[in-house]
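Colleague: Could you walk me through this model? I would like to hear how each answer is reached.

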Amino acid sequence: MPRRSYDQYCAIARALDAIGDRWTLLIVRELLAGPRRYTDLHADLPGVSTDVLASRLREMERDGLVTRRPLAAGGAANAYELTSHGRELLPVLAALAAWGGPALDDRRPTDAVRAHWFAIPLMARLRPLAAEHRGVLEVRLPEGAFHLLLSDGQLAYRDGPVEWADARLALDADTCRALAAGTLTAEDAVAAGRLAVTGDTALADAVRGPAALTRS
């Protein structure tokens, strides 16, 4: 079935023609963490049907947002990954996270949560650190872990823990949300026992410092 279009000569309308369907931007959110298998995507997108997920991925391939590659030479299993065009949506998702953050008040009983869903909001708060430091920062929540890669002013994130990190943060989802929103500083969170920072590196010291994760 052909995709419906707004048929408007407008940049916003053209963008929504490509990414305005339900689930598309959340698939981008998942793939910003790196290549994912179909089964991994389905597991971290609770509520999406297999038919809808397959349809969205086909459309995103057609639009040049994602591509497929074999997980191993000669293997039948594939991984989906963002193209450079798809990765350009990171600032869009960061803006949406900033706009939608105030709606994350009390977690509803029906709300699913994954640790790496906090990565993009937290990256915006950590961007000044990335301008001055390089390294790997692991963030561990009760729901799981993700890690951030800081290099030459750039930030990227990956799902899951990492064997070696320059600094490790341990906190809960509410604390991570407050840090990302700028309503809590890292210094105050450490003092209150809500955040533990480990690591004997310049990056770890910077995270602990009063200039890191300051209030908005």
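The questions below go through burial, backbone angles, cysteines and charges.

Colleague: Happy to start with the ground rules: what kind of model is this, and which pLDDT do local features need?

Modeller: Residues are numbered from 1 along each chain as its sequence is written, and side-chain values use heavy atoms, with hydrogens and water left out. This is a predicted model, in which totals for chains, interfaces and linings use all residues, side-chain atom pairs count only at pLDDT 80 or more, and local features need pLDDT of at least 70.

Colleague: Thanks! How many residues of helix 2 are buried?

Modeller: Helices are DSSP runs of H or I with at least four residues, strands are runs of E with at least two, and both are numbered from the N terminus. Buried means under 20% relative accessible area, exposed over 50%, and partly exposed in between (1.4 Å probe, protein chains only). The buried residues of helix 2 are T24, L25, I27, V28, R29, E30 and L31. Helix 2 spans residues 24-31 and is largely enclosed by the rest of the structure, because the buried share of its eight residues is seven.

Colleague: Which residue in the loop between helix 1 and helix 2 has a positive phi?

Modeller: Most residues other than glycine have a negative phi. A phi near 85° is therefore worth a look, and the residue is buried at 14% relative accessibility. The residue in that loop is W23.

Colleague: And D7, is it buried or exposed?

Modeller: D7 sits in the segment before helix 1 (11-19). Its phi is also positive, near 50°. With a relative accessibility of 67%, D7 counts as exposed.

Colleague: How many disulfides does the count give?

Modeller: A disulfide is a pair of cysteine sulfur atoms within 2.5 Å. As for the surroundings of two cysteines, C10 is partly exposed at 32% relative accessibility, while C176 is buried at 0%. By the distance rule, the number of disulfides is zero.

Colleague: On to charges: how many salt bridges are there in the whole structure?

Modeller: Side chains of opposite charge can pair when their charged atoms come close. Here a salt bridge is a side-chain nitrogen of Lys or Arg within 4 Å of a carboxyl oxygen of Asp or Glu. Searching the whole structure gives a total of 15.

Colleague: How far apart are the closest N and O atoms of D44 and R36?

Modeller: Both partners are buried: D44 has 10% relative accessibility and R36 has 9%. They form a salt bridge, and the closest N and O atoms are apart by 2.6 Å.

Colleague: What is the N to O distance for D40 and R37?

Modeller: D40 is partly exposed at 25% relative accessibility, and R37 is partly exposed at 39%. Their side chains meet in a salt bridge, with an N to O distance of 3.1 Å.

Colleague: Which residue does R134 pair with?

Modeller: R134 is exposed, with a relative accessible area of 54%. The closest N and O atoms of its salt bridge are 2.9 Å apart, and the partner is D152. R134 is in the loop between helix 7 (119-130) and strand 4 (135-141), and its partner is in the loop between strand 5 (144-151) and strand 6 (154-159), so the pair ties together parts 18 residues apart in sequence. That partner is itself exposed, at 62%, and is D152.

Colleague: Finally, which residues do salt bridges that share partners join into one network?

Modeller: The salt bridge between D44 and R36 belongs here. Through shared partners, the network joins R29, E30, R36, D44 and R114.
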